[in-house]
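Got the viewer open? Here's a walk through the model, one selection at a time.

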Amino acid sequence: MRKLLPFLASLAVALAACGGNGGGGGGSGAQDPIRVGLIVSLTGNYTPLGSEDKKAVELAVEQVNAQGGLLGRQVELVVRDDKTAPDQGIVAYNQIKGEIDALIGPVFSNSALAIEPLAQREKMPYLSLAPAVEQVEPIKSYIFVTPALSSMYAERYLQYIQAEGIKTIAVAWDSKSAYSVSGHESMVALAPKYGVTIAVDEPYETTTADFSPVFQHVRDSEAEALVFWGSGAPGVTAAKQYAASGLKTPLFLTASQASKLWLEPMGEAAEGMTVQSAIGVVGEHLPDGKQKQVIEQMAKPYQEKHGYPPPQFAQDGYSASLLLFEAIRKAGGTDKEKVQQALETMDLITPNGRFRYSPTDHSGLTPEYISVNTVRDGAFVPTEWAREQLTKTVAGLG
């Protein structure tokens, strides 16, 4: 495996063995492995999301172990499937909580919210892969979020909408998805700040198979764009039906569709659609610098191993791993309280952007690390507006 860039070793993970005592809690010896729990959807509706998170976390673990581990200790993953069901997320957590030093996942917001109070009660450092705002508002001391929050995706779209001179929009949202509900609520709350009126406010359910009533309501309105909040299958179903509907109102999709898992079934019908993503998804379009180097640290080996660029969900899993590894290094071991304190003072560049956690901010990111893209030749390409904004954002990172 290629060696990582020297400055990234200190910036992102403790890739060189530091030697000495690992400082682990519970009487662990210095050479005992560091055990990281990973709960993601490997079956059920969110399988495409969870499987990409798993691949990315496995890559991060392979990289750190290839360079000697953390503090001279190897990292082991303890993987469980939440089956895209909150109750199964709880079962999975209870199965492994006694044998892990920290937890990453789930990607399904409903499962993440179900596990959260258990992890907080048991003081388990927990890096969530779900973007629901409720996880960190209000703050729970041991709970941290890796993706940009749904409220940030809402605000970033509104910034773009305002820049495009759009005044009136329609919003469709999955009433059974915590991510979608949270994003919708944030968009409704923030729209007046950006001079935007919501002309159509349309809930649907995850199992919805026919979106033609939504499109008809948009057609009958003055909406200049349709923002669609949804994850998994609805994102493909709705986008395909939109392409066939002849509706001229532009369709704006959120980062849950920033993946080949959406692009491939969409095919040519995706061309020209607008899709948000984490900055790492469009790393090749960034100017050279620290942010692009961290993205390439993940993207190149991921591409070599799996044959395609890392999608949105992989960015989240890899970023969570870097944050956790750096916290363990700073804590000098796996003592859970020390790891939590290290996370609360974290300042780290990851493929998702620069995280600056604090005691009052457990999301760490800002909307500036979100890209607004168009689909061009089967790939996500930043809009001119997004390219300008992202260039400004990364310029300060060096």
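**Stop one: a helix pair**

Start with α3 and α4: the crossing where α3 passes α4 is right-handed. To find the two helices, select residues 86–96 for α3 and residues 109–121 for α4; their axes are 8 Å apart and the packing angle is about 40°. Bear in mind as you click around that this is a predicted model. Angles from 65 to 115 degrees would count as roughly perpendicular and those under 35 as roughly parallel, and α3 and α4 are therefore oblique to each other.

Now show side chains at the contact. From α3, pick Pro86, Gly89, Ile90, Tyr93 and Asn94; in α4 they meet Asn110, Ser111, Ala114, Ile115, Leu118 and Ala119. Sort that contact by class and you get seven nonpolar residues, four polar and no charged ones.

**Stop two: the loop leading into α3**

Step back to the loop between β2 (75–81) and α3, and select lysine 83. Its phi is near 60°, a positive value in a residue other than glycine. Threonine 84 sits in the loop between β2 and α3 too, and here phi is near 55°, again positive without being a glycine. Buried or exposed: which word fits threonine 84? With a relative accessible area of 13%, threonine 84 is buried. Lysine 83, on the other hand, has a relative accessible area of 45% and is partly exposed.

**Stop three: two cis peptide bonds**

Next, go to the loop between β3 (102–104) and α4, where you'll find proline 106. Check omega between glycine 105 and proline 106: the value is about -10°, and the peptide bond is cis.

Another one to click on is proline 138, in the loop between β4 (126–128) and β5 (143–145). What is the peptide bond from glutamate 137 to proline 138, cis or trans? The bond is cis, with omega near 5°.

**Stop four: a glutamine in α5**

Select helix α5, residues 150–163, and pick out glutamine 159. Its relative accessibility is 16%, and since buried means under 20%, glutamine 159 counts as buried. Which residues does glutamine 159 contact, leaving aside its neighbours within four places in sequence? Add Tyr194, Glu368 and Trp385 to your selection, as those are the contacts of glutamine 159.

**Stop five: another helix pair**

Move along to helix α7 (residues 212–219) and helix α8 (residues 233–245), whose axes come within 10 Å and cross at roughly 50°. That angle makes α7 oblique to α8. The crossing of α7 and α8 is right-handed.

For the side chains, highlight Ser212, Phe215 and Arg219 in α7, which meet Ala238, Gln241, Tyr242 and Ser245 in α8. By class, this contact of α7 with α8 comprises three nonpolar residues, three polar and one charged.

**Last stop: zoom out**

Finally, switch to a cartoon of the whole protein chain, which has 13 helices and 14 strands. The radius of gyration is 20 Å, close to the 21 Å that the globule rule gives for 398 residues, so the chain is as compact as a globular protein of that length. Show just the C-alpha atoms and you can picture the box they fill, roughly 70 × 45 × 40 Å along the principal axes.

Colour by accessibility, and 58% of the 398 residues count as buried. If you're drawing a contact map, take the contacts with a separation of 6 or more: 70% of these come from residues 24 or more positions apart.

Methods: Residues are numbered from 1 along each chain as its sequence is written. This is a predicted model: local features need pLDDT of at least 70, side-chain atom pairs count only at pLDDT 80 or more; totals for chains, interfaces and linings use all residues. Side-chain values use heavy atoms; hydrogens and water are left out. Axes are lines fitted to C-alpha atoms, for helices over the stretch in contact, and angles run from 0 to 180 degrees between N-to-C directions. Helices (H or I, at least four residues) and strands (E, at least two) are DSSP runs, numbered from the N terminus. Angles under 35 degrees count as roughly parallel, over 145 as roughly antiparallel, 65 to 115 as roughly perpendicular and the rest as oblique. A crossing is left-handed if the near helix is turned anticlockwise from the far one by less than a right angle, and right-handed if clockwise. Contact means heavy atoms within 4.5 Å. Ala, Val, Leu, Ile, Met, Phe, Trp, Tyr, Cys and Pro count as nonpolar, Asp, Glu, Lys and Arg as charged, and the others, Gly among them, as polar. The radius of gyration is taken over C-alpha atoms; the globule rule is 2.2 Å times the number of residues to the power 0.38. Buried means under 20% relative accessible area, exposed over 50%, partly exposed in between (1.4 Å probe, protein chains only).
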